[in-house]
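Me: Could you take a close look at one part of this model for me? I'd like to hear how its strands pair up and what gets covered.

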Amino acid sequence: MKALSCAAMATQTPNGEGGPNYTTEIRPWSDLPEDVLVPVIQRLLICDRIRFRAVCKGWRLPVDIIQGLFFPVPKLPWTMEYTWRKTTDSNRTLSICKLREPDLGRRSRSYIVEIGMIEGRSNFVDAEACASQDGWVLFSKEEGKGSLLFFLFSPFNKQVVSLPRLESDRFDIATFSSGPNSPDCVVFVAHPPESGKICISVFRHCGDDMTWNSYLFDLPAYFDSVESVAYMNGSFYCYFGCFFRLTCFKIANQEWQIIRIKSLPTYQNVIVNDDASVFTFTSPNYLLECDGELLLACPAKDTQRHNQDCFFLFRLDWQLKAWGRKNALGGGAIFLGKTSFWVSPGGETENVANRVHHHTGGSADFFLSPRDCPLGSLEEQRKKFQICYHPCTEGLKTIWIAPPREF
C-alpha cells in the first residue's frame, strides 16, 4: 500500500452570514503548522520527543518555541544498557545500546538507541562507562601504551564529544560536573597515589584551553586509592575508602584540601529492632551529594542474619567534622553505582520512596532505610514493594543515567 504523502486539514472561517465556513487544506506531512505539531510533541515522552524532531526539518520546531513549552522532567534515573564489539569489518562495529525507564505502574518502556553494524563506533570498543550526568555518559579506554582516551556520549541524541588524549597509563576514577553543553562542564580524573603524591587531571570542555591540566598534590602515605567521587558546589570530593578519609579539589583555584575528620562513626554492634547485630562492612563505598550535603553509603553484611546485605548511610557534619548516621530518607531515594544520585521526595519518587537502589552485576537490587523500614523485617517489607527496576539484558553492561533537563 502506498504511504500517504500529504495530510488533509479542515479549517473554519466565518462566512458572509456570520456562520462557519469549512474548507479543506492539503499540506505535506513535512509542512504541518505549529498549532498541530505542538499539542503532539507535548504528549510525548522524552525519547519520543527527540525522535519526533528528527523525522524531518519541518518537525524540529524553533528553539524558542521548544523552550517556551512545559515538559515534565523525569525525576528518577533510567538505565542504559550497552556493548560495542569489534567485527571483521574494520569500518563498522557491532553496537547494542538501549535505554530503559523505570516501571512506575504503567508498561515500562525500553528504547533502542542503536543496534546492529554501525560506522563511527571504533572508539567505543572496549570502552567502559565511568560516570553519567544530565543525560550524558563519560567513557574511557586505554589508547596504546601510556595514553587514555575519554569521550562523552548521549544516548538520547547519539551525540559524541571527543576529548583530547590524556598522557597516562592508568587512573582510579573519572567523573564530570555537568553535560558538555554547560559552560561549567569539567572532567575530573584521579590517578593512583604514589610515593606520597597524587595526580589530578582536569579538562574544561567549554574553555579556550583544549588540553588536560594535571596537578600533583601531597597525600599522606596511609591514604588508599580514590574509591568514590562526588561533585558539589564547584568542588570534587574524593573518598579514599579507608577510615572515612576525604579530600576536596576546588575547580576555581585548583586548591587541594585534606578534610580532617575528628571523629569516626560507631558502626559495630549496631542496635536494630532491639536486637544486637554485628555488621561486617564491605566495599566499595559510595559518596554522593544530597541537597547540599555529602552522604556516604557503606555496604555491610549482618552476620547474625545469614550475612543479609544492607547499607549504612552517613552524613558529614561540617561544623563538627564528623560523620553521623542518617537513618531515614524522609520519602527520598538513593541510587548507587558508578554515578550515585539522590532523588528528592514527591512525584515519581513516591514509587521508590525510602529505598537505596544499588546497581551491580547487571541487577538493580534495592534496600530499605532502617528507620522507615526496619532491617529486621527487610524481606517481609520488600515483598510489599513494587519492583521498578529490572535486571538488564544478559551480556550487556549497564549504568544509571538521569534524563536531560531539556533536549
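Reply: Here's a walk through the strands, with a short stop at a helix. Bear in mind that this is a predicted model, where local features need pLDDT of at least 70, side-chain atom pairs count only at pLDDT 80 or more, and totals for chains, interfaces and linings use all residues. Numbering starts from 1 along each chain as its sequence is written, and side-chain values use heavy atoms, with hydrogens and water left out.

Let's start with strand 10, residues 173–176 (strands are DSSP runs of E, at least two residues, and helices runs of H or I, at least four, numbered from the N terminus). Ile173 and Thr175 sit on one side, Ala174 and Phe176 on the other, and all are buried (under 20% relative accessible area with a 1.4 Å probe, protein chains only). That fits the usual pattern: in a regular strand the side chains alternate between the two faces of the sheet. Strand 10 pairs with strand 11 (residues 186–190), antiparallel, over four bridges; to count as a pair, DSSP has to find at least two. Ala174 has Val189 as its bridge partner there.

Further along, strands 14-15-16-17 form an open, antiparallel sheet in that order. Strand 14 (228–232) and strand 17 (255–259) are the edges, each pairing on one side only. Inside that sheet, strand 15 (residues 235–239) and strand 16 (residues 246–250) pair over five bridges, antiparallel, and Ser235 is bridged to Lys250.

As for helix 1 (residues 34–41), its buried residues are Leu37, Val38 and Ile41. They're on the same side of helix 1 because they cover an arc of only 100° around the axis, taken from the directions from the helix axis to the C-beta atoms.

Notes:
Buried means under 20% relative accessible area, exposed over 50%, partly exposed in between (1.4 Å probe, protein chains only).
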